[in-house]
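Work through the exercises below with the structure in view. Try each task before reading its solution.

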Amino acid sequence: MFSIIIKETREFIREKTNLFFFLVFPVVLVFLLGTLLGSMDQAEETVGEIKLQYIIETEDPIQRMAIEKFIETTEEEGKIFFEESNNLSVARGLASKDDITAVLVFTKDPLKIEIYEGRNHIKNRAVSALMNSFIQMNQTVMTIMNVNPEQLMDLEHIPWEENLIQKDLGVNRTMIDYYAIVMIAMISFMSIILGCYCFLGERQSKTLNRLIISPQSRVYLFLQKILGMVPQVVLQISIIMVISVFAFNANYARTFKDNLYLFFMFLMVTMALISIGVVIGLVIKKNPMVVLFPFLWIMMFLGGTFSKEVHIKGLSEFLPTYQVQQGAFDLAIFGRYHRANIIILISSIILVLSIFIGVYLFRRKEGEQ
Amino acid sequence: MAFVEIKNLTKYYGELCAVDHLNISVEEGEIFGLIGPNGAGKSTTLHVITTLTDFDKGEVIIDGLDLRKDKVKIKQLIGMVPQDIAVYDHLTALENVKFFASLYGLRGKELTKASKEALDFVGLSDRLSLKPKHMSGGMKRRLNIACGIAHGPKFIVMDEPTVGVDAQSREHILNSIQILRERGATVIYTSHYMNEVEIICNRIAIIDKGKLVASGTKHQLVSLVTDVQSVYIHAKLPMGFLAEDFMKRLRNMPDVKAVSMKDYMFRIDIIMKENGISRIVEQFIQQGISIISIKSEEPDLDTMFLTLTGHDLR
């Protein structure tokens, strides 16, 4: 029953090329990309202090009062500092030299906010978010004032802080975490090559005929070969996860249950890809690496496997690599199962279909001359 | 009834007729040689017999089982030793043999015992833990045989099992095949080495272009080509012996075609018959001639093949 599974596992473990490509290589990449590129390509960055200069053009006293109140409240947090300017070009010059974060201009009626951004795009995003919230609040206040001004008196008594509960994600994410996840996705996709060699390897070692001659049914042989891949996949994913966690302090999901689910998702994806590889290996007789390797690397590159900054809108999100990675991030970082469930479902369907096609092809297969 | 009965076997690859109405029968417990040039249809025939390939027409009966109907039962009987070394480089010799034997249902202690016996049989009992990549060509060949016989098959198909091996390994392999026959196995054997086929095969079939050219014992095949054999007798003649008179007497014997002598070596061409050589020897003894050595020569398989097919074997 288990003879083929044991044989496959022994061969996998003893084949140095396999060990390098499917175990050592991803682990090394997790470490190298996670540490060396970490400073350039940060997953999480402290925004730090924000220095803003502003010009108030509006002469509406209520608007001016609202702006000044907003500035005063914001400065109380001790992270964002405002300074009034009377010369826009000078202020923009300071922003361009990164002396200040940005310049804000509160225009005349209707009130709009023009933001002249500085160099730090993360700080720019923070300023943009801050001013958006101010505009929303301002419009709300103006609307209430026009409809029922007395209600504004009640707003002062609302304890805002109590309604806003800030929670972090439970772990401090680093680039190691990013690469620990995408490298598993990478070996999952690379496993399609393992699948190709499932029968191609037997053909190359001339042992395929011995298998076909044996009294085992072809369906049984095929399923055993596929099952023989499971220990390899479990080994690959486990080793990368364990080494990433214990050697490089990487974080996957917060809970053990989510980590198991993440493991299961990758297992299903890998098995689906292996089954596709097996079908390819039954059909083609040439070396599949020549075609598959460049294809996989391009797909992984565009899917953000090597850097999250690589994203081509309208293309990347349609790539399986991208979707699997996003599913893993959703699950690991946010504890969301939806995308992972879809990926598991699609992988299961692909696995079943590929097994049916593979069995059909293998049953029809004649011995090698 | 023959152990293997092939009747009108026909196999096409597209338009090409690889095997054309082939008829062969192999008796139980014999080593049957199948010879022919490359592309003659040997491998296709072996592929059909070993269930690797379907066939278009004809009938194949093995041990009373119809290949079309009882494929699984027939598979259980067969042991295959392919021309290519078909073993896993990353498994040890014992692991390789155990794996292939396990495909035939052997388990546990029985599996280990059978595998070790097979390796012992081919002379690799001291190489159980050695991986094929560290073995010599001859050792790999012997491992290849062990993988094919560990499950104790009644019927063994050997496709050029001695290709590329040294003389010592070849002798070991040929001895092993003869021992397998003594143990009751029926063997179909192909080889390009005619001397091997002559030595170990009870009967031989010559096929060419998918068709059977001739089959039978070596003696029967030779008789198809010629009925004359040459007998060489190295003799010590008594003092004053008249050799010419003696040679004349020999020439007058029935079935003797020609007689000549050079350096006390007589060459006598006679029609191949039972006791033909004995009657010649009697003449020598009657004349008081001491015989130092006798050698008889009949056409070898290469010559026969050339005569029967019109071209060389290779």
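Domain bounds here come from an automatic or database domain assignment. The model is predicted.

**Exercise 1. Find the domains of chain A, then state what distance separates their centres.**

Solution.
Step 1: Read the bounds. Domain 1 of chain A covers 3–41 + 172–364. Domain 2 of chain A covers 50–163.
Step 2: Take the centres over C-alpha atoms. The centres of domain 1 and domain 2 of chain A are separated by 50 Å.

**Exercise 2. Do the same for chain B, and describe that chain as a whole.**

Solution.
Step 1: Chain B splits into domain 1 (4–222) and domain 2 (227–297).
Step 2: Over C-alpha atoms, 43 Å lie between the centres of these domains of chain B.
Step 3: Look at the whole chain. Eleven helices and 14 strands make up the secondary structure of chain B. Along the principal axes, the C-alpha atoms of chain B fill a box of roughly 75 × 50 × 30 Å. Chain B has 314 residues, and 53% of them count as buried.

**Exercise 3. Which residue of chain B forms a salt bridge with Arg10(A)? Place both partners and classify their exposure.**

Solution.
Step 1: The partner is Glu95(B), with the closest N and O atoms 3.5 Å apart.
Step 2: This pair crosses between chains. Arg10(A) sits in helix α1 (residues 3–14) of chain A, and Glu95(B) in helix α3 (residues 93–102) of chain B.
Step 3: Arg10(A) has a relative accessibility of 34%, so it counts as partly exposed. Glu95(B) has a relative accessible area of 15%, so it is buried.
Step 4: Set the pair in context. Over all chains, the whole structure holds 19 salt bridges.

**Exercise 4. Is Asp330(A) buried or exposed? Compare its salt-bridge partner.**

Solution.
Step 1: Asp330(A) pairs with Arg336(A), and their closest N and O atoms are 3.7 Å apart.
Step 2: Buried means under 20% relative accessible area. Asp330(A) is at 11%, so it counts as buried.
Step 3: Arg336(A) is at 44% relative accessibility, so it counts as partly exposed.

**Exercise 5. How many residues apart are Lys113(B) and Glu117(B) in their helix? Describe their contact.**

Solution.
Step 1: Both residues lie in helix α4 (residues 108–121) of chain B. Lys113(B) and Glu117(B) are four residues apart, about one turn of the helix.
Step 2: They form a salt bridge, with the closest N and O atoms 3.3 Å apart.
Step 3: Lys113(B) counts as exposed at 54% relative accessibility. Glu117(B) counts as partly exposed at 45%.
Step 4: Now see a network. Lys7(A), Glu8(A), Glu11(A), Glu202(A) and Lys225(A) are joined into one by salt bridges that share partners.

**Exercise 6. Which residues gather in a surface patch of negative charge with Glu77(A)? Relate the patch to Thr140(A).**

Solution.
Step 1: Glu72(A), Glu75(A) and Glu76(A) gather there with Glu77(A).
Step 2: Glu77(A) lies in the loop between α3 (61–76) and β2 (80–84) of chain A. Exposed means over 50% relative accessible area. Glu77(A) has 64%, so it is exposed.
Step 3: Thr140(A) belongs to helix α5 (residues 121–147) of chain A. Thr140(A) is partly exposed, with a relative accessible area of 43%.
Step 4: Thr140(A) and Glu76(A) are 64 residues apart along the chain, and their C-alpha atoms are separated by 23 Å.

Technical notes
Residues are numbered from 1 along each chain as its sequence is written. Chains are lettered from A and ligands numbered from 1 in the order in which they are written. This is a predicted model: local features need pLDDT of at least 70, side-chain atom pairs count only at pLDDT 80 or more; totals for chains, interfaces and linings use all residues. Side-chain values use heavy atoms; hydrogens and water are left out. Patches are made of residues with over 30% relative accessible area and no salt bridge: like charges are joined within 9 Å, nonpolar side chains (Val, Leu, Ile, Met, Phe, Trp, Tyr) within 5 Å. Accessible areas come from the Shrake-Rupley method with a 1.4 Å probe; for residues, only the protein chains shown count as cover. A salt bridge is a side-chain nitrogen of Lys or Arg within 4 Å of a carboxyl oxygen of Asp or Glu. Lys and Arg count as positive and Asp and Glu as negative; His and the chain ends are not counted. The place of a charge is taken as NZ of Lys, CZ of Arg, CG of Asp or CD of Glu. Helices (H or I, at least four residues) and strands (E, at least two) are DSSP runs, numbered from the N terminus. Buried means under 20% relative accessible area, exposed over 50%, partly exposed in between (1.4 Å probe, protein chains only).
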